[in-house]
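Please walk me through this structure, one part at a time. A plain account of how the pieces fit together is enough.

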Amino acid sequence: SIRQHGPRALAITWGDGHESLLDVRVLRLSCGCAVCVDEWTGEGRLDPTSVPQDVHPLQLRTVGRYAVQIDWSDGHASGIHPFARLRASCPCPDCQRA
């Protein structure tokens, strides 16, 4: 399950019971869509200063069984965040050691 956890975090409860708390601005800045990352070079196009400090999700939609798409308060909505990448970005000590 995925839900808002206060104003600055998304909480994801995984099938194994682990819960990840992801900072929403960090998640927005990590968008890998073609608007945010050059498709040919892999170079980032997103200027972090253009993303408001208080950016937050407006709507979450699952994409198949592999990702979530987020509509952001800054108007961005084209990024798809694969579950594997979300799990790998869990900041908890156990996940960072793995």
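**From the hairpin to the pocket**

Strand 2 and strand 3 form a hairpin with five residues between them, and glycine 17 in the turn has a positive phi of about 90 degrees. The model is a predicted one. Strand 2 covers residues 9-13 and runs antiparallel to strand 3, with five bridges joining the two. One point of reference is isoleucine 12, whose bridge partner in strand 3 is serine 20.

In a regular strand, side chains alternate between the two faces of the sheet. Strand 3 shows such an alternation: Ser20 and Leu22 point to one face and are buried, while Glu19, Leu21 and Asp23 point to the other face and are not buried.

The loop of the hairpin also takes part in an aromatic contact. A search of the whole structure finds one aromatic pair. Its members are tryptophan 14 and phenylalanine 83, arranged edge-to-face with 6.4 Å centre to centre and 85 degrees between the planes. The pair links distant parts of the chain, since tryptophan 14 lies in the loop between strand 2 and strand 3 and phenylalanine 83 lies in helix 2, 69 residues apart. Are these two residues buried or partly exposed? Tryptophan 14 has a relative accessibility of 13%, so it counts as buried, because the cut-off for buried is under 20%. Phenylalanine 83 has a relative accessible area of 22% and is therefore partly exposed.

A second piece of the structure is an open sheet of three strands in the order 4-5-6, with antiparallel pairing. Strand 4 (57-63) and strand 6 (80-82) are the edge strands, each pairing on one side only. From one strand to the next the twist averages 30 degrees. Strand 5, residues 67-72, pairs with strand 6 in the antiparallel sense over three bridges. Within this pairing, glutamine 69 has isoleucine 80 of strand 6 as its bridge partner.

The last stop is the largest pocket, with a volume of about 160 Å³. Which elements supply at least two residues each to its lining? They are strand 3 (19-23), helix 1 (24-29) and helix 2 (83-88). The lining consists of Leu22, Asp23, Val26, Leu27, Ser30, His81, Arg85, Leu86, Ser89 and Pro91. By class, five of these residues are nonpolar, three are polar and two are charged. Two of the lining residues, Leu22 and Asp23, have already appeared in strand 3, where Leu22 is buried and Asp23, pointing to the other face, is not.

Notes:
Residues are numbered from 1 along each chain as its sequence is written. This is a predicted model: local features need pLDDT of at least 70, side-chain atom pairs count only at pLDDT 80 or more; totals for chains, interfaces and linings use all residues. Side-chain values use heavy atoms; hydrogens and water are left out. On a 1 Å grid over the protein atoms alone, a cavity is a set of points where a 1.4 Å probe fits but cannot get out, and a pocket is an open set with protein on both sides within 12 Å along at least five of seven lines; lining residues have an atom within 4 Å of a point. Grid points are joined across faces, edges and corners, and a volume is the space filled by probe spheres set on the points. Helices (H or I, at least four residues) and strands (E, at least two) are DSSP runs, numbered from the N terminus. Ala, Val, Leu, Ile, Met, Phe, Trp, Tyr, Cys and Pro count as nonpolar, Asp, Glu, Lys and Arg as charged, and the others, Gly among them, as polar. Buried means under 20% relative accessible area, exposed over 50%, partly exposed in between (1.4 Å probe, protein chains only). Two strands pair if DSSP finds at least two bridges between them. Rings of Phe, Tyr and Trp (its six-membered ring) pair if their centres lie within 6.5 Å; planes under 30 degrees apart count as stacked, over 60 as edge-to-face and the rest as tilted. Axes are lines fitted to C-alpha atoms, for helices over the stretch in contact, and angles run from 0 to 180 degrees between N-to-C directions.
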